[in-house]
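Student: I am new to this structure and should be grateful for a close look at a single part of it. Please begin with one loop and then place that loop within the rest of the chain.

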Amino acid sequence: MKEYICREFMPENEKLVFLPSGWFLSKAVGKYNHLNKALSDMDKAYGGIVFNTEGKVLMRSPKNHWGGYVWTFAKGGPDVEDMTPEETARREVQEETGYACKIIASVPGEYESDTCRTIYFMMEPTGMVTEHDAETQEVRWVDVEEAFEMIHLTKSIKGRNRDRGALESAIRVRDALKG
């Protein structure tokens, strides 16, 4: 059924290439394009929890505190060009914060908010900084304790719990990698 939903947009007898990420490629329009393999995947977002070398966390404030979020992490849904969740997460972090980052590790778990489930990756900045997009009104590097205080300002209980849980997991991953 899920494959049928996606196939209705493709030519008949099209060969599909399924990826480990749960996405698939089709050779429509003479080049490979990806589509999400299932409607249930459409409610997923991918994002980054970014730590700098001083141990500070990168927080963003959505424009007009969209959805009741005062401070949160960069995240969003896949674009057509994104081949993997990791690409989506890196792109979203750069767009929403202005920081180009590399992924250090996955943050275990999926974190539910009012609108989606988010999978996070722990990241560190690569040094390249650009202007953040219009979805963000401010970005700030803060100590971990301050990040938890900022997260508490979010009006959405699910959103607050998502960000707190994701940050706690990211800290455990970071500490385990330090050895």
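**A loop and its surroundings**

Tutor: Asn64 is exposed, because its relative accessible area is 65%. The model in which this residue is seen is a predicted one. Asn64 belongs to the loop between E5 and E6. Its backbone deserves attention, since phi of Asn64 is near 55°, a positive value in a residue other than glycine.

His65 lies in the loop between E5 and E6 as well. Here too phi is positive, at about 50°, although His65 is not a glycine. With a relative accessible area of 34%, His65 is partly exposed; the exposed class begins over 50%. Not counting residues up to four places away in sequence, His65 touches Val70 and Gln137. The C-alpha atoms of His65 and Thr136 are separated by 9.0 Å, and these two residues are 71 residues apart along the chain.

The wider chain gives this loop its setting. There are four helices and 10 strands, and along the sequence they follow the pattern α-β-β-β-β-β-β-α-β-β-β-β-α-α. Of the contacts in the chain with a separation of 6 or more, 64% are between residues 24 or more positions apart. Buried residues make up 46% of the 179 residues in the chain.

The strands on either side of the loop also take part in a pocket. The largest pocket has a volume of about 330 Å³. Its lining consists of 20 residues, and Arg60, Trp66, Lys75, Glu96 and Glu135 are the ones that lie nearest its centre. Strand E4 (44-50), strand E5 (57-62) and strand E6 (75-76) are the elements that give two or more residues to this lining. By character, the lining residues divide into seven nonpolar, six polar and seven charged.

Strand E5 leads onward to the interior. In soluble globular proteins, nonpolar side chains tend to be buried together. The largest nonpolar core in this model has 22 residues, and those with the most contacts inside it are Ile49, Phe51, Val57, Met59, Phe73, Tyr120 and Leu167. E5, strand E9 (117-129), helix H3 (144-151) and helix H4 (157-178) are the elements that give two or more residues to this core. H4 gives the most, with five residues. Leu167 shows how parts of the chain meet there: leaving aside its neighbours within four places in sequence, Leu167 is in contact with Ile49, Phe51, Val57, Phe73, Ala147, Phe148 and Ile151. Apart from this core lies another, of 11 residues, among them Ala74, Cys101, Ile119 and Met123.

Charged side chains make further links. A search of the whole structure finds 13 salt bridges. In one of them, the side chains of Asp43 and Arg117 meet at 3.1 Å, N to O. This pair links distant parts of the chain, for Asp43 is in the loop between strand E3 (33-36) and E4, whereas Arg117 is in strand E9, 74 residues apart. Asp43 counts as partly exposed, because its relative accessibility is 32%. Arg117 also counts as partly exposed, at 27% relative accessibility.

Arg117 has a further partner in Glu110, and their side chains meet in a salt bridge of 3.6 Å, N to O. Glu110 has a relative accessibility of 41% and therefore counts as partly exposed.

Strand E9 enters another salt bridge through Glu124. Lys102 forms this bridge with Glu124, and the closest N and O atoms are 3.4 Å apart. Lys102 lies in strand E7 (residues 99-106) and Glu124 in strand E9, so the pair ties together parts that are 22 residues apart in sequence. Lys102 is partly exposed, with a relative accessible area of 43%, and Glu124 is partly exposed, with a relative accessible area of 30%. Elsewhere, salt bridges that share partners join Asp79, Asp82, Arg91, Glu92 and Glu95 into one network.

To return to the loop between E5 and E6, Asn64 is exposed there, while His65 is partly exposed and touches Val70 and Gln137.

Methods. Residues numbered from 1 in each chain as written. Predicted model: local features only at pLDDT ≥ 70, side-chain atom pairs only at ≥ 80, totals over all residues. Heavy atoms only, no water. 1 Å grid on protein atoms, 1.4 Å probe; cavity = no way out; pocket = protein on both sides within 12 Å on 5 of 7 lines; lining within 4 Å. Points joined across faces, edges and corners; volume = space filled by probe spheres on them. Nonpolar A, V, L, I, M, F, W, Y, C, P; charged D, E, K, R; others polar. Core = buried A, V, L, I, M, F, W, Y, C linked by side-chain atoms within 4.5 Å. Buried < 20%, exposed > 50% of the residue type's maximum accessible area, 1.4 Å probe, protein only. Contact = heavy atoms within 4.5 Å. Salt bridge = Lys/Arg side-chain N within 4 Å of Asp/Glu carboxyl O.
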